[in-house]
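The following note sets out points for discussion on the model shown here. Each point may be checked against the structure directly.

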Amino acid sequence: MAQLFSLGHLALVNILYLENHAVFAEQVTRQFLSAHRVTVVPSLSAGRSALASDSYDLVLSDYDLDDGKGEEFVRECRAAHPRLPIIAASSHDVGNAALVRAGASAVCGKMEFDHIQEVITGLLHERV
């Protein structure tokens, strides 16, 4: 875990974001996550590679990805990194529910991204 945050003030957070809609990911990153380091990947395989090659403070995962369902990645991620915060970020309740069952720590649906910073702050402060 990169530990790029402090309890008093949330600083740069290194986020792995699994999202296969590039335009949406760019907009979310620019509008809601610009204060953080965000690596966007569109697939399970790219997520696995990214997680193996870097240390992340948090994962955001969509449900529908280019090569499968995000719940598979969340299960693998949870098994390998039991304390890593994972946020389910699907536009569908069914997808978010599946991600939570797989081990996601919290939900911030795509239509609620104006609250993503609150969700991130809450999860990271819980870990300290």
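1. For the charge count, Lys and Arg are taken as positive and Asp and Glu as negative, while His and the chain ends are left out. On that basis the chain carries 10 positive and 16 negative charges, and the mean positions of the two sets lie 5 Å apart. It should be stated at the outset that the model is predicted.

2. As to overall architecture, the chain holds 5 helices and 7 strands. Read from the N terminus, these elements follow the order β-α-β-α-β-β-β-α-β-α-β-α. The radius of gyration is 13 Å, close to the 14 Å that the globule rule gives for 128 residues, so the chain is as compact as a globular protein of that length. Along the principal axes, the C-alpha trace spans about 40 × 30 × 25 Å.

3. Burial and surface may be considered together. Of the 128 residues, 47% count as buried. The exposed area of the chain is about 6200 Å², of which carbon and sulfur atoms supply 54%. Among contacts with a separation of 6 or more, 62% are made by residues 24 or more positions apart.

4. How are the strands of the sheet ordered? The sheet is open and consists of 5 strands in the order β2-β1-β3-β6-β7, with parallel pairing. Its edge strands are β2 (37–41) and β7 (106–107), each of which pairs on one side only.

5. Strand β3 (residues 58–61) merits separate attention. Leu58 and Leu60 point one way from this strand, whereas Val59 and Ser61 point the other way. Are these residues buried or exposed? All of them are buried.

6. The partners of β3 can be traced on both sides. Strand β1 (residues 14–18) is joined to β3 by 4 bridges, and the two run parallel; here Ile15 stands opposite Leu58. Strand β6 (residues 86–88) pairs with β3 in the parallel sense over 3 bridges, and Ile87 of β6 stands opposite Leu60.

7. The path through the sheet continues from β6 to β7. These strands run parallel and are joined by 2 bridges. Which residue of β7 is the bridge partner of Ile87? That partner is Ala106. Ile87 thus stands opposite Leu60 of β3 and has Ala106 as its bridge partner in β7.

Technical notes: Residues are numbered from 1 along each chain as its sequence is written. This is a predicted model: local features need pLDDT of at least 70, side-chain atom pairs count only at pLDDT 80 or more; totals for chains, interfaces and linings use all residues. Side-chain values use heavy atoms; hydrogens and water are left out. Buried means under 20% relative accessible area, exposed over 50%, partly exposed in between (1.4 Å probe, protein chains only). Two strands pair if DSSP finds at least two bridges between them. The radius of gyration is taken over C-alpha atoms; the globule rule is 2.2 Å times the number of residues to the power 0.38. Contact means heavy atoms within 4.5 Å. Accessible areas come from the Shrake-Rupley method with a 1.4 Å probe; for residues, only the protein chains shown count as cover. The place of a charge is taken as NZ of Lys, CZ of Arg, CG of Asp or CD of Glu.
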